[in-house]
Structures are given as C-alpha cells and as structure tokens.
Amino acid sequence: MPTLFSLKGKTALVTGGNVGLGQGIALSLAEAGADIVSVARRDSNDTVSRVEALGRRSLSIQADLGSTAAIEPVLEQAAALGPIDILVNNAGIIRRADAVDFTEADWDAVMDVNLKGVFFLTQAVVRRMIAEGRGGKIINIASMLSFQGGIRVPSYTASKSGLAGLTKLMANEWAKHGINANAIAPGYFATDNTRALQDDPDRNREILGRIPAGRWGEPADLAGAAVFLASRASDYVQGVVLPVDGGWQAR
Ligand code: NAP
C-alpha cells in the first residue's frame, strides 16, 4: 500500500516553492520521496535546506514566471535534477481594489502569473513529457474563487475561474499521454496572500464563522491532496478541482 503514494525517484517542479502553500506542498512531496525544484523570484534556499534534510535533492531557481521568456531558461536549469515528473503550478498573486476602480495594470499582472504563465509553463513541460513518453502529473493551485465570485479581486477571480476550466482542458487533451491534470482549491489559508483578510477584524470574523473546521488552513493541510494527486494513487483521476477548505464549500 505505501508504494501507491510513494514519489521515490520522481522529480517535482513547484512554482513558488519558497514560502506559503508552495513550500508546504514542496515539503510534503519531498517527504513522499520526490526531489524538488522550486522556482520563484526570491530564492528558495530555506526550502532546499529542508528538502535536503529529508534526504532528497533540491534546487532553487530564481525567475519571474509572469514573463514567458523565463520558461525555457528555467527548464534548462531544472534539468540538473532530471526530467520533471510532477509540475505544481502554485505561484500566484492577488491585487485588491473595487471593480469600478480596478486598473489594467492590476488585471494584466495577475493574469500573466496566475493564468498565462501557468498555461505556457505547463505546455513546455508537457511537450517534454510527451516527447519522452514518460507521462506525468500536473497540479494547478486553484481557489474558492474558481467556484465563487469573491469581492474586490476581479483579476484574481477571473484567473482562478479560468484555471479551473484550463485544468479540465489539460486533462481532456493529455490523459491519452498518461498525464494527469487536476487542481487543488485551497480554502482560506494563513499566508501572505490572505494577510489583508487576516488583519481585518470584520473579514477575519466573517471568514472564520463560515469555516466548519473553525480555523484558517495551514500549508501542511494541503499535504494529503498534493501527494495523492502527484502519485500513482490518482492515475485514473482527471480534471478535478479538489477543495481543501475545512468545509467552507459545504456551508
Ligand atoms: P504567498 O505566500 O503570497 O506565495 C506566493 C508564491 O508565488 C510565492 O512563492 C512567490 O514567490 C510566488 N510568485 C508570485 N509571483 C511570482 C512570479 N512572478 N514568478 C515566480 N513566482 C512568483 O501566497 P500563498 O497563499 O502561498 O499562495 C500560493 C498559491 O495558492 C497562489 O496561487 C494562491 O492564489 C493560491 N491560494 C491561496 C490561498 C490562501 O488562502 N492563502 C487560497 C486559495 C488559493 P516570490 O515572491 O519569491 O516570487
């Protein structure tokens, strides 16, 4: 049974693996046996040390994934750890303003990282997976705003709703190559991404009041879903957007 979830001998590329949810996912995949490449604008040295302490290999690559020009250089560097078996599209940003005031710059910045960057990085990785006939696992990090509208975050909602659709398209086109494309939709997790909500007493109370689990999520809460979707255990799972939300969607 343990081999069903083992990632031994696999290499995972986690975007934004240096902090927050991405770091939690990177560590959970390493605990299951994977070597880890983390790509972010800042370094991922803390993640590298913690992955190496688990006995796995790890690499920090600094790049701005909001630009498609970054993709090929990133993949050339990542090749030092071998072909990519698992791609976790976690890097993401959010910009908050009333919809009537929302700027084109805030629209483009979010879409470039959360949607366009995800699509073209995945395309480049999948081209290699298909050419090598290796199969693979794509895990997109979606959001409750893949299902709901949210408030004051128009480009974020558009990007995460778009990502849910894109996940299904990826599954439809690539399942025949032995590639699984799925998404995890985290609920409300205590990271930099949600700092403004945590710090606003009214919003914090409203959010906690709707979470049956009664607490904000911690990065380690994504470990089970991430290992499942990265492992052989999910070989017949395609195109799902799996909420990990303490029950938020059940309310
Ligand atoms: P976070 O702490 O702000 O982390 C964001 C990550 O994305 C960082 O690693 C950041 O690294 C990386 N990143 C941002 N822009 C980048 C760029 N242009 N190029 C490369 N890397 C970039 O937020 P988080 O909460 O962990 O969010 C991780 C993912 O989960 C995001 O997609 C977010 O939308 C999603 N999510 C979060 C929650 C939540 O409650 N926290 C809920 C649902 C979904 P650098 O700054 O070093 O580049």
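**Cavity, ligand and T122 in a predicted model**

Guide: By class, the residues lining the largest cavity of this predicted model are five nonpolar and four polar, with no charged residues.

Visitor: Which residues make up that lining of the largest cavity?

Guide: The largest cavity is lined by T15, L65, N89, N90, A91, V113, G117, V118 and L121, and α4 gives the most to this lining, with four residues. The volume of the largest cavity is about 60 Å³, and the structure holds one cavity of 30 Å³ or more.

Visitor: What makes G117, a lining residue of the largest cavity, count as polar?

Guide: G117 is in the lining, and the classes place Gly among the polar residues, so G117 is counted there.

Visitor: Why is T122 called buried?

Guide: Buried means under 20% relative accessible area, and T122 has a value of 0%, so T122 is buried. T122 is found in helix α4, which covers residues 104-132, and, leaving aside neighbours within four places in sequence, T122 is in contact with L87, N89, I138, M170 and W174.

Visitor: What makes the approach of L65 to the ligand a polar contact?

Guide: A polar contact is a pair of N or O atoms within 3.5 Å; a polar backbone atom of L65 is 2.8 Å from a nitrogen atom of the ligand, so this pair meets the cut-off.

Visitor: How do you know that G16 and F189 also qualify?

Guide: A backbone N or O atom of G16 lies 3.1 Å from an oxygen atom of the ligand, while a polar backbone atom of F189 is 2.8 Å from an oxygen atom of the ligand, so both pairs are within 3.5 Å.

How values were computed: Residues are numbered from 1 along each chain as its sequence is written. This is a predicted model: local features need pLDDT of at least 70, side-chain atom pairs count only at pLDDT 80 or more; totals for chains, interfaces and linings use all residues. Side-chain values use heavy atoms; hydrogens and water are left out. Helices (H or I, at least four residues) and strands (E, at least two) are DSSP runs, numbered from the N terminus. Buried means under 20% relative accessible area, exposed over 50%, partly exposed in between (1.4 Å probe, protein chains only). Contact means heavy atoms within 4.5 Å. On a 1 Å grid over the protein atoms alone, a cavity is a set of points where a 1.4 Å probe fits but cannot get out, and a pocket is an open set with protein on both sides within 12 Å along at least five of seven lines; lining residues have an atom within 4 Å of a point. Grid points are joined across faces, edges and corners, and a volume is the space filled by probe spheres set on the points. A polar contact is a pair of N or O atoms within 3.5 Å; within protein, one must be able to donate a hydrogen and the other to accept it, and residues adjacent in sequence count only if both atoms are side-chain atoms.
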